[in-house]
Amino acid sequence: MSIKGKVNNLIANELFFGLVSVLMRLLLSSVFIVAGIGKLSAYTATAGYMASMGVPAKFLPLVILTELGGGLALLLGFQTRVVAILFFGFCIISGLIFHSGSDQQSQFMLMKNITMSGGFIALFLFGPGGFSLDNRNNY
């Protein structure tokens with residue numbers, strides 16, 4: 001059997017695909033869950049930083065809800081495709097607003113956001129996989 005055939009068989013394995021799907025959602029959601037918690041614990045400082053970048057601090061609760069709520073929804077596989085599209089846009093917009101400086105750190109963070117947006121396109125296309133609330137009727 002060719003390598004391609006072996007890979008296809010592995011992907012077709014329901015348990016393997018389910019576990020890898022959970023790992024995928026964990027990896028994509030973790031940065032947002034941690035960032036949302038960080039913004040809650042440093043609310044005033046985050047509001048000040050947002051304001052310094054031209055974003056009104058009144059949007060901070062929406063950002064926290066997006067990061068923390070969306071991150072948890074993604075982790076659990078709830079409304080996965082909707083959350084994936086929202087995070088796709090969030091990554092691009094926040095990257096351009098907060099990471100468009102010319103210094104190396106800003107450029108790295110912008111590329112991180114762009115790279116993550118690619119992961120969200122894949123998640124949108126392929127769905128949550130196994131062991132998700134979206135597919136709870138399948139197990």
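This report walks through the helices, the aromatic core contacts, the charged residues and the surface of one protein chain.

## Overall build

The model is predicted. The protein chain has 139 residues. It holds six helices and zero strands. Along the sequence the pattern reads α-α-α-α-α-α. The C-alpha atoms fill a box of roughly 60 × 35 × 20 Å, taken along the principal axes. Buried residues make up 32% of the chain.

Helix H1 spans residues 3–12 and helix H2 spans 14–41. Helix H4 covers residues 60–76. Helix H5 covers residues 80–98. Helix H6 runs over 104–126. Helix H2 comes up again and again below.

## Aromatic pairs

A search of the whole structure finds six aromatic pairs. One of them joins Phe32 and Phe87. This pair is stacked. The ring centres are 4.0 Å apart, with 20° between the planes. Phe32 sits in helix H2 and Phe87 in helix H5, so the contact ties together parts that are 55 residues apart in sequence. How do the two residues stand with respect to solvent, buried or exposed? Phe32 is buried, at 5% relative accessible area. Phe87 is buried too, at 1%.

Phe32 also pairs with Phe90. Here the geometry is edge-to-face. The centres lie 6.1 Å apart, and the planes meet at 65°. This pair again links distant parts of the chain, with Phe32 in helix H2 and Phe90 in helix H5, 58 residues apart. Phe90 is buried, with a relative accessible area of 19%; the cut-off for buried is under 20%, so Phe90 falls inside it.

The two pairs belong to a wider group. Phe32, Phe87, Phe90 and Phe120 form one aromatic cluster.

## Charged residues

How many salt bridges does the structure have? The count comes to one. Lys39 and Glu67 form it, with their closest N and O atoms 3.1 Å apart. Lys39 lies in helix H2 and Glu67 in helix H4, so the salt bridge ties together parts that are 28 residues apart in sequence. Glu67 is buried, with a relative accessible area of 5%.

Arg25 tells another story. This residue is found in helix H2. Arg25 is buried yet has no salt bridge. The nearest side chain of opposite charge is Asp134, 7.4 Å away. A salt bridge needs the atoms within 4 Å, so Asp134 does not qualify. What does the side chain of Arg25 reach? It reaches the backbone oxygen of Leu74, at 3.2 Å.

Next to Arg25 in sequence is Met24, which also has its place in helix H2. Met24 is partly exposed, with a relative accessible area of 28%. Met24 and Gly129 are 105 residues apart in sequence. In space, their C-alpha atoms are 9.3 Å apart.

## A nonpolar surface patch

The start of the chain carries a nonpolar surface patch of about 610 Å². Its members are Ile3, Val7, Leu10, Ile11, Phe16, Phe17 and Val20. Helices H1 and H2 each give two or more residues to this patch. Which helix gives the most? Helix H1 does, with four residues. Leu10 is a member of the patch and has its place in helix H1. Leu10 counts as partly exposed, at 43% relative accessibility. Patch residues must have over 30% relative accessible area, so Leu10 meets that condition.

## Two positive phi angles

Two residues that are not glycine have a positive phi. Gln79 is one of them. Phe131 is another. The table sets them side by side.

| Residue | Phi | Place | Relative accessible area |
|---|---|---|---|
| Gln79 | about 55° | loop between H4 and H5 | 40%, partly exposed |
| Phe131 | about 55° | segment after helix H6 | 38%, partly exposed |

Gln79 has its place in the loop between H4 and H5. Phe131 comes in the segment after helix H6.

Terms used
Residues are numbered from 1 along each chain as its sequence is written. This is a predicted model: local features need pLDDT of at least 70, side-chain atom pairs count only at pLDDT 80 or more; totals for chains, interfaces and linings use all residues. Side-chain values use heavy atoms; hydrogens and water are left out. Patches are made of residues with over 30% relative accessible area and no salt bridge: like charges are joined within 9 Å, nonpolar side chains (Val, Leu, Ile, Met, Phe, Trp, Tyr) within 5 Å. Accessible areas come from the Shrake-Rupley method with a 1.4 Å probe; for residues, only the protein chains shown count as cover. Buried means under 20% relative accessible area, exposed over 50%, partly exposed in between (1.4 Å probe, protein chains only). Rings of Phe, Tyr and Trp (its six-membered ring) pair if their centres lie within 6.5 Å; planes under 30 degrees apart count as stacked, over 60 as edge-to-face and the rest as tilted. Lys and Arg count as positive and Asp and Glu as negative; His and the chain ends are not counted. A polar contact is a pair of N or O atoms within 3.5 Å; within protein, one must be able to donate a hydrogen and the other to accept it, and residues adjacent in sequence count only if both atoms are side-chain atoms.
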